[in-house]
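Here is a short walk through a fold, written for someone who is happier at the bench than at a graphics screen. Keep the structure open beside the text and follow along.

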Amino acid sequence: VKVLRILFLICLCLGVSAILMTEGFILAASKGTAEIDSKYVLVLGAGVDGETPSLSLQERLIAAKNHLERNPEAICIVSGGQGNGENISEALCMFRWLTAHGIDESRVWMEDKATTTEENIRFSLALIAEKTGEKPETLAIVSSEYHLFRASLMAKAQNVQPQTIPAKTSKFYLRFNYYLREVGGVWYFLLLQ
């Protein structure tokens, strides 16, 4: 019994350490990349309420718009398919929002088939290759700050160097919940990739 208790405590300590270390990586990545020089900016989709961007998606779009205004040569890829409760694809919703807020539509390319972050990245790289004949070495990724570490891991797995642009989650209670939940997402990706 004593041996089992010791083994349990060791496993518990290792588990807590793994969670804390992962959370540290997530928090460090949430600041984004200091210098963004990628020509291509990928905005990862989030929920759409009918035809209106959800709060998370709107926060990502604001971050993308600010970056695109500061970098007029950058091309934006909006990526996301159509899910349950969505009347249009996430990509079309983002395209409409960005162009309605002053971004020229020639700068916004739509990828409207992806249903996961991994597909967002893979399908968007394929779209860039289709339109330009080349695969970029770097890709700027706009997502909620808690999601940037996992998105970066996925980009690296597809042989592209990620540069990240954080979209700040405005509601604290949501941010706290998403940061905790993201640990599971990171380990799911690491163990099953």
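A good place to start is G102, which follows helix α3 and has a positive phi, near 100°. Please keep in mind that this is a predicted model.

**Helix α3 and its surroundings**

Step back from G102 into the helix before it. Helix α3 covers residues 90-100, and its buried residues are E90, A91, C93, M94, F95, W97 and L98. An α-helix has 3.6 residues a turn, so residues three or four places apart point the same way. What lies over the buried residues of α3? The cover includes the strands β1, β2 (48-49), β3 (52-53), β4 and β5, together with helix α2.

**The sheet**

Several of those strands lead us to the sheet. Five strands form an open sheet in the order β5-β4-β1-β6-β7, and the pairing is parallel. At the edges sit β5 (108-111) and β7 (161-167), each of which pairs on one side only. From one strand to the next, the twist averages 25°.

Let us go through the pairs, beginning with β4. This strand holds residues 75-79 and pairs with β5 in the parallel sense over four bridges. Two positions are easy to find on screen: V78 stands opposite M110 in β5, and S79 stands opposite E111 in β5. On another pairing of β4, five bridges join this strand to β1, again running parallel. There, V41 has C76 in β4 as its bridge partner.

How enclosed is β4? Five of its five residues are buried, so the strand is largely enclosed by the rest of the structure. I75, I77 and S79 point one way from β4, while C76 and V78 point the other way, and all are buried.

Now move to β6 and β7. These two strands run parallel and are joined by seven bridges. One of the partnerships is between V142 and I165 of β7. Although β7 is an edge strand, the strand is mostly covered, with five of its seven residues buried. Helix α5 (residues 148-157) lies across β1 (40-44), β6 (138-144) and β7, and runs at about 160° to β7.

**Three side chains to look up**

Helix α5 also holds R150, while I26 has its place in helix α1 (residues 2-29) and M21 is in helix α1 too. The table gives their accessibility.

| Residue | Relative accessibility | Class |
|---|---|---|
| I26 | 0% | buried |
| R150 | 18% | buried |
| M21 | 53% | exposed |

The cut-offs help in reading these values: buried means under 20% relative accessible area, and exposed means over 50%. R150, at 18%, therefore counts as buried, whereas M21 counts as exposed because its value is 53%.

Which residues does I26 touch, leaving aside those up to four places away in sequence? They are Y146, F149, Y179, E182, V183 and V186. With the same kind of neighbours left out, R150 touches E182, G185, V186 and F189. E182 and V186 therefore deserve a click from either side, as I26 touches both and R150 touches both, under the contact limit of 4.5 Å.

Distances along the chain and through space can be set side by side here. M21 and V183 are 162 residues apart along the chain, yet their C-alpha atoms are separated by 9.6 Å. For I26 and E51, 25 residues apart in sequence, the C-alpha to C-alpha distance is 31 Å.

**The largest pocket**

Finally, look for open space. Rolling a probe the size of a water molecule over the atoms shows where empty space is left. The largest pocket has a volume of about 450 Å³. Its lining is made of 25 residues, and G45, T115, T116, T117 and H147 lie nearest the centre.

Which helices contribute to this lining? At least two residues each come from α2 (55-70), α4 (117-132), α5 and α6 (172-192). Helix α6 gives the largest share, four residues. By character, the lining residues divide into six nonpolar, twelve polar and seven charged.

Notes: Residues numbered from 1 in each chain as written. Predicted model: local features only at pLDDT ≥ 70, side-chain atom pairs only at ≥ 80, totals over all residues. Heavy atoms only, no water. Pairing = 2+ DSSP bridges. Axes fitted to C-alpha atoms, helices over the stretch in contact; angles between N-to-C directions. 1 Å grid on protein atoms, 1.4 Å probe; cavity = no way out; pocket = protein on both sides within 12 Å on 5 of 7 lines; lining within 4 Å. Points joined across faces, edges and corners; volume = space filled by probe spheres on them. Nonpolar A, V, L, I, M, F, W, Y, C, P; charged D, E, K, R; others polar. Buried < 20%, exposed > 50% of the residue type's maximum accessible area, 1.4 Å probe, protein only.
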